[in-house]
Every structure is written in C-alpha cells, then in structure tokens.
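Colleague: Could you take me through one part of this model closely, the sheet and the helices packed around it? I would like one connected picture rather than a list.

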Amino acid sequence: MKFHPIFLIIISFVIFSCNGQTSKKSQTIDAKAFSEKIAATPNPQILDVRTPEEFSADHLDKAVNVNWLGDNFVAGAEKMDKTKPVFVYCKSGGRSQSAVEKLEELGFTNIYQLQDGILKWDAAGLSKPDNKITGMTMQEYNKLVNSDKKVLIDFYAEWCAPCKKMKPYLLQMEKELADKVTIIRLNADKNKTLMTEMKISELPTLLLYENAAVQWKHSGFISEEELRKQIQ
C-alpha cells in the first residue's frame with residue numbers, strides 16, 4: 001500500500017510534535033541578562049550553590065545558600081517553589097550546571113543559570129561597590145611580580161576541579177624550576193580585591209611575568225607538558 005508523500009510528511013510532523021519535543025526547563029544566560037531577569041521577577045528565588053564559607057564572604061541580594069557539595073542539597077532545593085523561576089549561580093559555573101541538572105530532575109520548570117558564575121558577575125561590574133580590601137592589594141601584587149626571575153602566578157580555588165588536577169605538578173615544578181621561575185599560587189576566594197581589579201573571571205588563571213610585564217596568560221586547565229613549554 002502506497003501513501004502520498006504529503007501524507008507521510010504530515011504523519012511525521014504529528015509524531016514529532018507529540019513525542020519528539022520537550023519543553024526547555026533551563027537557560028544559561030550572561031551576567032547582564034541574569035541581572036535583568038531577576039529585576040523583572042517579583043520575589044525572585046535566587047539559589048547560591050557555593051559553600052557556606054563562600055556565601056558568607058559575598059552573595060547576591062536575597063540569595064539562599066544550598067551547598068551543592070553538601071549532603072542536603074535536595075532537601076534544601078525542595079523548599080523552593082518548583083513552578084516559579086529559580087536563578088542559580090556558583091563561582092564559575094561548574095557546580096551550578098550540576099545543580100541545574102538535579103533541579104530539572106526534581107521537577108523545576110523554569111531555571112536560569114548565571115553563565116560562568118559570580119566571577120563574570122563581578123567582572124561585569126554588577127557587584128555592589130566594596131571599599132573593603134580582601135587579601136593582597138594591587139600594590140603588594142606589583143611588588144610580588146617585580147623580580148629578576150620569571151614569575152608564574154596561579155589563581156586557583158580549593159573547589160575548582162581543574163585547579164585540583166594541576167596542583168601536584170605545579171608544586172613539583174615550583175621546586176624543580178626554582179632557579180628559573182618563581183611559582184606563586186594565590187587563592188582566588190581569599191584575594192577578591194585582586195580578582196576584581198584584574199578582572200579575572202575564570203579559574204584557574206595563570207599569568208607569566210618577566211621584568212614585571214605579562215608575557216603569557218592562560219585560563220582553564222593546561223597540561224604539565226604544555227605549561228613547561230611556556231615557562232622554559
């Protein structure tokens with residue numbers, strides 16, 4: 001039995017419409033759009049999935065802290081209204097992505113994720129002005145990189161997965177190459193002033209200085225082999 005081609009197209013369309021389409025529950029949007037969405041939403045549900053220590057240091061207004069790395073994320077998330085928009089963020093986007101996937105499983109239907117986390121929020125100038133200096137000052141940093149040897153600065157965080165992978169060989173290189181380069185690891189969470197002033201919005205971020213000038217910059221994971229090529 002033969003069917004007219006148009007009939008087959010119609011049937012295919014109906015099947016696809018009924019079975020092949022799913023509603024999109026989450027969107028990842030940049031800092032400006034994230035801010036605008038929050039401002040346009042009455043009583044917004046803002047979910048900070050970082051650790052309590054990170055949350056206490058700084059967070060978005062009206063945010064609720066439910067630690068993705070803790071044991072009670074599901075219980076904490078279940079307290080929120082699944083039918084209303086929820087705005088999710090972390091430091092750089094890794095934990096919030098995992099949290100968004102879990103929220104979808106739990107039945108949340110309208111989720112907005114802050115792209116690249118609060119680091120991008122700060123870099124976009126959306127944080128409230130803060131005259132408090134957290135960690136090293138820019139003046140102290142400039143003295144640190146002013147050396148007769150090369151200086152490699154590694155901005156990292158304890159929760160950052162790529163940072164953890166890189167830590168062992170960075171520490172090893174710090175000893176092996178001590179006569180050629182000074183390797184200094186700076187905790188981003190403890191040096192927020194530097195992060196803001198230098199507009200560092202990704203972790204890890206590596207900066208190689210020679211004669212106090214930046215000769216090379218890299219954000220994200222880099223293998224030991226590639227890093228050694230840049231330093232030597």
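Modeller: Happy to, and let me start with the contacts across the chain. In this predicted model, 70% of the contacts with a separation of 6 or more join residues 24 or more positions apart. The chain has 232 residues, of which 40% are buried, and its secondary structure amounts to 10 helices and nine strands. About 13,500 Å² of the chain is exposed, with 52% of that coming from carbon and sulfur atoms.

Now to the sheet you asked about. Four strands make up an open sheet with mixed pairing, in the order S7-S6-S8-S9. S7 and S9 (213-219) are the edge strands; each has a single partner strand, so one side of each has no neighbour in the sheet. On average, neighbouring strands here are turned by 15° against each other, ignoring direction. Within the sheet, S6 (residues 150-156) and S8 (residues 205-210) run antiparallel and are joined by five bridges. If you want a spot to centre your view on, try Ile153, which stands opposite Leu207 in S8.

Next, the helices. Helix H7 (residues 138-145) lies across S6, S7 and S8, and runs at about 135° to S6. H8 also lies across S6, S7 and S8, in its case running at about 150° to S7.

H8 has a helix partner as well. Two packed helices are described by the angle between their axes and the distance between the axes. For H8 (residues 161-176) and H10 (residues 224-231), the angle is about 35° and the axes are 11 Å apart. The crossing of H8 past H10 is right-handed. On the H8 side, the contact is made by Tyr169, Leu170, Met173 and Glu176, and these meet Glu224, Leu227, Arg228 and Ile231 of H10. Sorted by class, this contact has five nonpolar residues, three charged ones and no polar ones.

Finally, follow the chain out of H8 towards the sheet again. The loop between H8 and S7 (181-187) holds Lys180. Is Lys180 buried or exposed? Its relative accessibility is 49%, so Lys180 counts as partly exposed; the exposed class begins only over 50%. Leaving aside residues up to four places away in sequence, Lys180 touches Lys149 and Lys150. Lys180 also lies 8.8 Å from Val151, C-alpha to C-alpha, with their positions 29 residues apart in sequence. Since S6 covers residues 150-156, that brings us back to the sheet.

Definitions and conventions: Residues numbered from 1 in each chain as written. Predicted model: local features only at pLDDT ≥ 70, side-chain atom pairs only at ≥ 80, totals over all residues. Heavy atoms only, no water. Helix = DSSP H or I, 4+ residues; strand = E, 2+ residues; numbered from the N terminus. Buried < 20%, exposed > 50% of the residue type's maximum accessible area, 1.4 Å probe, protein only. Contact = heavy atoms within 4.5 Å. Areas by Shrake-Rupley, 256 points an atom, 1.4 Å probe, with all protein chains shown as cover. Axes fitted to C-alpha atoms, helices over the stretch in contact; angles between N-to-C directions. Left-handed = near helix turned anticlockwise from the far one by under 90°. Nonpolar A, V, L, I, M, F, W, Y, C, P; charged D, E, K, R; others polar. Pairing = 2+ DSSP bridges.
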